[in-house]
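Work through the exercises below with the sequence and the structure at hand. Each task is followed by a solution in steps.

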Amino acid sequence: MLQIRKSTQRGYFDHGWLKTYHSFSFADYFDRNHMHFSDLRVINEDYIEPAMGFGTHPHKDMEILTYVLAGKIAHKDSMGNVREFSAGEFQIMSAGSGVYHSEFNPSDSERLHLLQIWIMPNELGITPRYDQRRFAEQEGGTLILSPHAAQHSFKVYQDMLLWRYQFAAGKREEIRLNTDRTYWLQVVKGELDVNGVALAHGDAVGVRAEALLTLTAQSDIEFLLFDLR
């Protein structure tokens, strides 16, 4: 079964300094039919204007992944990390027992574009941690998150995997699935067909009880595939 979530169906807010799209209920956006998907709690697509950002605020017991799509982000947290990372890089933060952090666009001219992803953990009260990394771009799949940090991925405190897939225009591919698992496919870039359904940037599809995804790239594409309980 496929659950289609088009980009235009997401929650949207224009705060002037921030334009944000919410795939699931978040802050002032509430949709009882889209509270979360398995342990995937948040996918926010944010556009942050130059020299603006999120001031210091707390988190607890959440796995938070940030993927920068354009621009640069400046991070500071109560663990003592003061970092910057740019387009193509990922940041993982386990809020665990509690952490404060801020995220800003340090540029005076370039808009920051990112995905913010929250995953509900299977362990509570862990010691907060931080890491960031650029994964090599490659045709096919790259493992980004896994419970045991397999294939040089980030460790995540949950029974899930996150893959980034990248294909050139015209590529046809099949991805085999476990029918006992659920999957969420989020399009990051380009246009593709998934089991006959046309998807584009910002679109997503939840997958249950399916054994196979058949993909055709209509342009150069990138998408994230969450393998969940």
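**Exercise 1. Partners of a strand**

Find which strand pairs with β6 over 7 bridges, and in which sense.

Solution. The partner is strand β11, residues 112–119, and the pairing with β6 is antiparallel. As a check on the register, Val68 stands opposite Leu114 in β11. The model is a predicted one. Next, look for another partner: β6 also pairs with strand β9 (residues 89–94), in the antiparallel sense and over 5 bridges. Here Thr66 stands opposite Gln91 in β9. Finally, consider the surroundings of β6, which covers residues 63–70: 6 of its 8 residues are buried, and the strand is mostly covered.

**Exercise 2. Order and edges of a sheet**

Determine the order of the strands in the open sheet that contains β18, and explain why β16 and β19 stand at its edges.

Solution. Start with the order: the 4 strands follow one another as β16-β21-β18-β19, with antiparallel pairing. Then count partners at the ends. β16 (172–176) and β19 (197–200) each have a single partner strand, so one side of each has no neighbour in the sheet. Now the twist: on average, neighbouring strands of this sheet are turned by 25 degrees against each other, direction ignored. One pairing can be followed in detail, since strand β18 (residues 191–194) is joined to β19 by 4 bridges. Within it, Glu191 has Ala200 in β19 as its bridge partner.

**Exercise 3. Aromatic pairs**

Classify the ring pair of Phe37 and Trp184, and state whether each residue is buried or exposed.

Solution. A pair is described by the distance of the ring centres and the angle of the planes. The structure has 13 aromatic pairs. For Phe37 and Trp184 the centres are 5.1 Å apart and the planes are at 55 degrees, so the pair is tilted. Phe37 lies in the loop between β3 and β4 and Trp184 in strand β17, 147 residues apart. The relative accessible area is 2% for Phe37, which is buried, and 0% for Trp184, which is also buried.

Repeat the steps for Phe167 and Phe223.

Solution. This pair is tilted too, with 6.4 Å from centre to centre and 40 degrees between the planes. Phe167 belongs to strand β15 and Phe223 to strand β22, so the pair ties together parts 56 residues apart in sequence. Phe167 is buried at 6% relative accessibility, and Phe223 is buried at 0%.

Technical notes: Residues numbered from 1 in each chain as written. Predicted model: local features only at pLDDT ≥ 70, side-chain atom pairs only at ≥ 80, totals over all residues. Heavy atoms only, no water. Pairing = 2+ DSSP bridges. Helix = DSSP H or I, 4+ residues; strand = E, 2+ residues; numbered from the N terminus. Axes fitted to C-alpha atoms, helices over the stretch in contact; angles between N-to-C directions. Buried < 20%, exposed > 50% of the residue type's maximum accessible area, 1.4 Å probe, protein only. Phe/Tyr/Trp six-rings, centres within 6.5 Å; stacked < 30°, edge-to-face > 60°.
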